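Please read the following account with the sequence and the coordinates open side by side. It begins with how exposure is judged, and then turns to charged pairs, the metal site, the nonpolar interior and the cysteines.

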Amino acid sequence: MRELNVELGDRAYPIHIGSGLIDSDLLATVIRGRQVLVVTNESIAPLYLDRVVSALTDFDLATVILPDGESHKHIETLDRIFSEALTRRFSRNATMIALGGGVVGDMVGFAAATYQRGIDFIQIPTTLLSQVDSSRLGKNMIGAFHQPVAVFIDTDVLTTLPDKEMSAGMAEVIKYGLLGDHEFLAWIESNVDSLMAKDSEAISTAIERSCQMKADIVARDEREGGVRALLNLGHTFGHAIEAHLGYGGWLHGEAVGAGMVLAARLSQAMGMLSDADLARVIAVCERVVLPVEPPIGMTPDDFMKHMAVDKKNIDGRLRLVLMRSLGDAYVEDQAPSELLLDVLSACCR
Ligand code: MG
């Protein structure tokens with residue numbers, strides 16, 4: 001097992017990464033009181049809820065099973081968590097456990113931040129994306145800085161993760177290599193088969209490195225400001241794709257995959273990346289089965305329309321995260337719009 005400490009002063013928390021952690025004895029040791037509410041969803045409950053419950057037999061335990069999916073991320077769903085906690089008369093010493101992906105994690109994070117003015121919560125993320133994202137270090141839905149007391153990342157749960165979601169999670173892993181660590185990128189390229197085979201050692205390394213890089217970047221941002229924007233590599237193009245396709249289109253990670261390739265294409269067109277660099281970006285995305293082209297039918301105008309409203313823009317200039325070289329991203333405040341249009345025109349079908 002690996003342990004990563006997210007340094008946040010008195011809100012610091014450990015991320016435990018390894019095989020078989022979902023019902024680890026460690027889980028009970030980080031719970032302060034007697035009352036525990038485990039929140040999960042309909043897809044995860046039949047697979048893993050019993051195992052988490054079996055690790056917590058000494059507690060006064062309640063469970064809530066939510067419907068699965070982004071479309072259920074709203075106040076009525078949240079109300080089911082509060083209702084259960086209130087019905088069971090859960091006190092300030094109660095702990096909530098989020099067993100699921102990003103939606104469950106966000107909802108429980110919010111519920112725990114607000115119930116009884118804030119109670120402990122534990123994250124057990126079950127998708128690669130939510131595992132890589134588990135050093136969240138920041139705002140949740142209400143902008144509250146309520147951090148988990150611990151995160152348990154069990155790499156075994158990825159065996160039941162749909163292939164598309166595995167690929168989507170890998171987009172964010174690759175992003176860390178491209179934005180700040182050429183060695184990590186090379187490591188991903190050499191270990192891509194083990195990663196896609198969900199080998200626990202390889203996955204643990206990828207998650208640990210990604211979480212560490214995110215934590216470092218956010219810490220640096222507090223001193224320098226703006227560095228955090230690097231985490232958006234591929235995301236401006238990606239968000240345009242997601243906005244264009246609407247709900248139920250590509251997964252976030254799939255859009256980020258195609259978006260990173262577009263960022264690499266523009267970086268190459270601007271003379272920063274070589275042809276070989278660009279080929280590497282495309283190849284690594286293809287090997288984790290991510291799209292490397294925009295969706296069929298999406299035009300350069302569609303991109304420009306959605307990217308123009310991106311919140312990172314200042315005074316109407318297009319801000320994009322680009323690469324000086326592989327593993328060295330920066331924020332370009334004046335992206336050359338003609339070159340960008342050329343790149344988009346060459347890729348859109
Ligand atoms: Mg993302």
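A residue is called buried when its relative accessible area is under 20%, exposed when that area is over 50%, and partly exposed in between. By this scale Arg280, at 25% relative accessibility, counts as partly exposed. The model is a predicted one, and every value below should be read in that light.

Arg280 is a convenient entry to the charged pairs, since its side chain meets that of Glu189 in a salt bridge with an N to O distance of 2.7 Å. Glu189 belongs to helix α7 (residues 182-196) and Arg280 to helix α11 (residues 275-287), so the pair ties together parts that lie 91 residues apart in sequence. Across the whole structure, a search finds 16 salt bridges.

Another of these joins Arg32 and Asp120, whose side chains meet at 2.9 Å, N to O. Because Arg32 sits in the loop between α1 (26-29) and β3 (35-41) while Asp120 sits in strand β6 (residues 120-125), this pair ties together parts 88 residues apart in sequence. The two partners fall into opposite classes of accessibility: Arg32 is exposed, with a relative accessible area of 58%, whereas Asp120 is buried, with a relative accessible area of 13%.

Lys214 and Asp133 form a further salt bridge, in which the closest N and O atoms are 3.1 Å apart. Here Lys214 is part of helix α8 (residues 200-224) and Asp133 is part of the loop between α5 (128-132) and β7 (150-154), so that parts 81 residues apart in sequence are tied together. Lys214 counts as buried at 10% relative accessibility, while Asp133 is partly exposed, with a relative accessible area of 25%. In addition, Arg2, Glu201 and Glu208 are linked in a network of salt bridges.

The metal site brings in other parts of the chain. Which residues are the protein donors of the magnesium ion? They are Glu172 (OE), His235 (NE2) and His252 (NE2), which lie 2.2 to 2.3 Å from the ion, and along the chain these donors follow the spacing E-x62-H-x16-H. Glu172, in helix α6 (residues 163-180), and His252, in helix α10, are 80 residues apart, and the pair thereby links distant parts of the chain. Glu172 counts as buried at 5% relative accessibility, whereas His252, at 25%, counts as partly exposed.

In soluble globular proteins, nonpolar side chains tend to be buried together. The largest nonpolar core here has 75 residues, of which Ile15, Leu178, Leu179, Phe237, Phe303, Leu320 and Met323 touch the most other members. Helix α10 (residues 252-269) supplies the largest share of this core, nine residues, and at least three residues come from each of domain 1 (2-159) and domain 2 (163-347). Apart from this core lies another, of 23 residues, among them Val64, Val104, Val108 and Phe121. Within the largest core, Leu179 has contacts that include Met213, Ile217, Leu230, Leu231 and Leu233, as well as Gly327, Asp328 and Ala329, when residues up to four places away in sequence are not counted.

Finally, how many disulfides does the structure hold? There are zero. A disulfide requires sulfur atoms within 2.5 Å, and the sulfur of Cys347 is 6.7 Å from the closest cysteine sulfur, that of Cys348, which is too far for a bond. Cys347 is buried, with a relative accessible area of 5%, and Cys348 is buried as well, with a relative accessible area of 17%.

Technical notes. Residues are numbered from 1 along each chain as its sequence is written. This is a predicted model: local features need pLDDT of at least 70, side-chain atom pairs count only at pLDDT 80 or more; totals for chains, interfaces and linings use all residues. Side-chain values use heavy atoms; hydrogens and water are left out. A nonpolar core is a set of buried Ala, Val, Leu, Ile, Met, Phe, Trp, Tyr and Cys residues joined through side-chain atoms within 4.5 Å. Buried means under 20% relative accessible area, exposed over 50%, partly exposed in between (1.4 Å probe, protein chains only). Helices (H or I, at least four residues) and strands (E, at least two) are DSSP runs, numbered from the N terminus. Domain bounds come from an automatic or database domain assignment. Contact means heavy atoms within 4.5 Å. A salt bridge is a side-chain nitrogen of Lys or Arg within 4 Å of a carboxyl oxygen of Asp or Glu. Donors are N, O and S atoms within 2.8 Å of the metal (3.2 Å for Na, K and Ca); water is not among the atoms, so sites may look incomplete.
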